[in-house]
Amino acid sequence: MRNTKQSKAAFAEAKEYMPGGVNSPVRSFANVGGNPLFIARAEGSHIHDIDGNEYIDYVGSWGPMIVGHAHPQVVSALQEAVTRGTSYGAPTLLETELAKLVQSVYPTIEVIRMVNSGTEATMSALRLARGYTGRDKIVKFIGCYHGHSDSLLVSAGSGMATFGVPSSPGVTAGTAADTIAVPYNDEDAIRSVMEREGEHIAAVIVEPVAGNMGLVLPRQGYLALLRELTQKHGTLLIFDEVMCGFRASLGGAQAAYGIRPDLTCLGKIIGGGLPVAAYGGRREIMERISPAGPVYQAGTLSGNPLAMTAGIETLKILTAEPEEGKADYSRELTIKTKELLLGWQRAAKDAGVPICAHQAGSMFGIFFIDREVYDYADAEAADQEAFRIWFETMLDEGIYLAPSQFETLFLSGAHTDADIAQTIAAAEKGFVAVKK
Ligand code: PLP
């Protein structure tokens, strides 16, 4: 049994000083009824807690660590950068360099604005969409998460398209009323909302590969339908690729599915583990942003030189020409992820535990359920107790997973074949424990 004495004591003390002992809710392990591990350090695919336990990490800081923790190229660039000062609040060459790198794989992002979090990116993209179209309403999908700005913290109670109700105290009824929440992957629902209200809707924002209700993939043709309907009604289509960017494929979901959104939000990976996100898209729209245009958005630390440096090095690794005879970085990750997931599926089958497994590039996840999962209602029907048992067993076997079935898991380039074999062996024990 793992010794987690110090993590337990640290959590008890943290609760004295921070709400729930954490600075972001899901870290608290509340969904699995456990005690979060306090992390001391991480390198490559492994993290170490303050009790001295070591784990293979599939959280990857919730997505950013695609090249692994403390990658030597990122670390040495940061070490050098930090000696030149940590922030100037003035333009640097680094910002243009990162912008160019992003544009080289996201050609729909003609112009980009760097911000500090995914929340800021989606919030600002919506303000821009409203400023550009002169319309107030937005459409989001139930179970998609776009950060915690007021108008996006809204879900609808039923499967029908409806006016939103606040899902968090503190979101005003007026704000919620401008957000229409629609079930994901439901063609009729989005069609009827757009028919009814299209001329008042500034933007449809979607996680094109949904990673915040567990991993749920768009049905064939669904994203194309969103593109068609938004175009027809003069509504902007915003792809929130904060999570699936550089993961669903190097060029994100937009490259994988061949759809051109008007605006894209990126985050996580473009900061290489430092706080960066961005929104960008068609020049004509982006040039409404201050100071080029009237829609205001700003940030003291936006484009921070350390954060830009970590992002640049991470993207350089991802976009580097592959060695002779090898697939590119993204393809390699996809292949390895597939191997891991096949191992889990085999183990679950052998143990007689029904699961639904999904993969998009280097994102993956499983639901403990005996049917396909297409939306939030399906995801909610998955067996939470089975997940809890499996999660606990995995942790005991040295595998660190997101502590909730409604999250996505991530592979990095640092995960080795041995890591994957160990993770499959652990999962076998986990499924047997679930079956007991
Ligand atoms: N959009 C998506 C798709 C996300 O997954 C997240 C966070 O997980 C966000 C936005 C918010 O990003 P941040 O936590 O950096 O504010």
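**Reading a predicted two-domain model**

Modeller: Let's start with one residue: Glu385 counts as exposed because 9 C-beta neighbours lie inside 10 Å of it. Keep in mind that this model is predicted.

Biologist: Happy to. Where does Glu385 lie?

Modeller: Glu385 belongs to helix H13, which covers residues 384-396. For a sense of distance, Glu385 and Asp419 are 34 residues apart in sequence, and from C-alpha to C-alpha they are 26 Å apart in space.

Biologist: Now the domains. Which domains does the assignment give for the chain?

Modeller: The assignment gives domain 1 as 5-70 + 327-435 and domain 2 as 72-319. Taken over C-alpha atoms, the centres of domain 1 and domain 2 are separated by 25 Å.

Biologist: How many residues does the contact take from domain 1 and from domain 2?

Modeller: In general, the size of an interface is often given as the accessible area lost when the parts come together. Here we can count residues: the contact takes 27 residues from domain 1 and 33 residues from domain 2. On the side of domain 1 that touches domain 2, helix H11 (329-351), strand E14 (356-360), strand E15 (363-367) and helix H12 (376-380) each supply at least two residues. The largest share there, four residues, comes from E15. By residue type, that side of domain 1 divides into 16 nonpolar, nine polar and two charged.

Biologist: And the ligand: how many residues surround it?

Modeller: There are 16 residues around the ligand, and the closest are Ser117, Gly118, Thr119, Gly147 and Val242. Helix H4 (residues 118-133) gives the largest share of this shell, three residues. The shell divides into five nonpolar, nine polar and two charged residues.

Notes: Residues numbered from 1 in each chain as written. Predicted model: local features only at pLDDT ≥ 70, side-chain atom pairs only at ≥ 80, totals over all residues. Near = placed C-beta within 6 Å. Nonpolar A, V, L, I, M, F, W, Y, C, P; charged D, E, K, R; others polar. Domains from an automatic or database assignment. Contact = placed C-beta atoms within 7 Å. Buried ≥ 20, exposed ≤ 12 C-beta atoms within 10 Å, placed from the backbone.
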